Amino acid sequence: MVLRKTPRLASWNKSTDPDQVRLREYLEDTAQLVAPHLTSGRPWALLLEVGLPTGRDLVDMADLDNYAFPLATRLRNEDLVAVWCTKRHADTSRVLIAPAGESAAPGATYTVRTTVSASTAAYKAQVRSAVVDAGAIPAGAVQLQLSFVVGPQRNWLTLWKPTIDALDPLLGRTREDRDWHPQDGRITDLGLHVVVDPSLGHDVLVSIAAAPAATGTEDPA
């Protein structure tokens, strides 16, 4: 479905701020658009394709997790198990709701079990430990998938940002002297997945797969 309002990035400004007002309007309109396609009782996936103006640098800012988070939060129920978000040059943006199915894992993955609160630097340090010896991805667009295995009480959406913040060994840093500020604007294809396992308690099992993205970023239409 073609979105009727322009996708908006997550905003932490006060509720009366124009960015917050536009974000709420976009979320409510999109929720109405997809409502007939939402079901309960079976796993489902959300895809958001963000269209950006021709000439806009696709690997600079416009972080995909900040596009995906507010929409996934607005639409989420217990059956949402996968969120995909992409950015490309296009005049329109699109959204898709579809049944989720299993597929083969990417070829190379890094996995770590975290044991501390995701709101702490220690969580990021544990995630970084999984990729610290991995080679940096060459300059340009990146495709990234993150898979989370969590306990039933965990809001897995809140794990996205701190996990991505820890991936500077793969993505590079915005500044050499700044921790937890990777070049995540490079991510043009983002996949996020969850499985619930009560035996994990408060721990989180994170699997990371990253590689150069395909060069075809133009809207095929």
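A residue counts as buried when its relative accessible area is under 20% and as exposed when that area is over 50%. In this predicted model, Trp-156 has a relative accessible area of 3% and is therefore buried. Trp-160, at 1% relative accessibility, falls into the buried class as well, and Phe-148 is buried together with Trp-156.

These side chains lead into the aromatic part of the structure, where three aromatic pairs are found. A pair of aromatic rings is described by the distance of the centres and the angle of the planes. For Phe-148 and Trp-156 the ring centres lie 6.4 Å apart and the planes meet at 55 degrees, so this pair is classed as tilted. Trp-156 also pairs with Trp-160, with a centre-to-centre distance of 5.5 Å and 70 degrees between the planes, an arrangement that is edge-to-face. With Phe-69 added, the residues Phe-148, Trp-156 and Trp-160 make up one aromatic cluster.

From here the view can be widened to the division of the chain. The protein chain is split into domain 1, covering residues 18-99, and domain 2, covering residues 109-212, and the C-alpha centres of the two domains are 20 Å apart. To the contact between them, domain 1 gives 20 residues and domain 2 gives 22 residues.

One residue to follow in detail is Asp-65, which sits in helix 2, residues 64-75. With a relative accessible area of 6%, Asp-65 lies under the 20% limit and is therefore buried. When neighbours within four places in sequence are left aside, Asp-65 is in contact with Trp-160, Lys-161, Ile-164, Asp-184 and Leu-190. Of these partners, Trp-160 is also a member of the aromatic cluster, while Lys-161 is 96 residues from Asp-65 in sequence and yet 6.9 Å away in space, taken from C-alpha to C-alpha.

The pockets offer another way through the structure. The largest pocket holds about 840 Å³ of space, and among its 33 lining residues Val-81, Ala-82, His-193, Val-194 and Val-195 lie nearest the centre. Strand 2 (80-89), strand 5 (142-150), strand 6 (187-196) and strand 7 (204-212) are the elements that each give two or more residues to this lining. By class, the lining of the largest pocket comprises 20 nonpolar, nine polar and four charged residues, and at least three of its residues come from each of domain 1 and domain 2.

The second largest pocket holds about 210 Å³ of space and is lined by 13 residues, with Met-61, Ala-62, Asp-63, Asp-184 and Gly-185 nearest its centre. Its lining divides into six nonpolar, three polar and four charged residues, and here too domain 1 and domain 2 each contribute at least three residues. Asp-184, named among the residues nearest the centre of this pocket, is also one of the contacts of Asp-65.

Met-61, another residue nearest the centre of the second largest pocket, deserves a closer look at its backbone. Met-61 lies in the loop between strand 1 (44-52) and helix 2, and its phi is near 65 degrees, a positive value in a residue other than glycine. Because its relative accessible area of 58% is over 50%, Met-61 counts as exposed. Trp-180 likewise has a phi near 65 degrees, positive although the residue is not glycine, and is placed in the loop between helix 5 (168-171) and strand 6. At 18% relative accessibility, however, Trp-180 is under the 20% limit and so counts as buried.

Note on methods:
Residues are numbered from 1 along each chain as its sequence is written. This is a predicted model: local features need pLDDT of at least 70, side-chain atom pairs count only at pLDDT 80 or more; totals for chains, interfaces and linings use all residues. Side-chain values use heavy atoms; hydrogens and water are left out. Rings of Phe, Tyr and Trp (its six-membered ring) pair if their centres lie within 6.5 Å; planes under 30 degrees apart count as stacked, over 60 as edge-to-face and the rest as tilted. Buried means under 20% relative accessible area, exposed over 50%, partly exposed in between (1.4 Å probe, protein chains only). On a 1 Å grid over the protein atoms alone, a cavity is a set of points where a 1.4 Å probe fits but cannot get out, and a pocket is an open set with protein on both sides within 12 Å along at least five of seven lines; lining residues have an atom within 4 Å of a point. Grid points are joined across faces, edges and corners, and a volume is the space filled by probe spheres set on the points. Helices (H or I, at least four residues) and strands (E, at least two) are DSSP runs, numbered from the N terminus. Ala, Val, Leu, Ile, Met, Phe, Trp, Tyr, Cys and Pro count as nonpolar, Asp, Glu, Lys and Arg as charged, and the others, Gly among them, as polar. Domain bounds come from an automatic or database domain assignment. Contact means heavy atoms within 4.5 Å.
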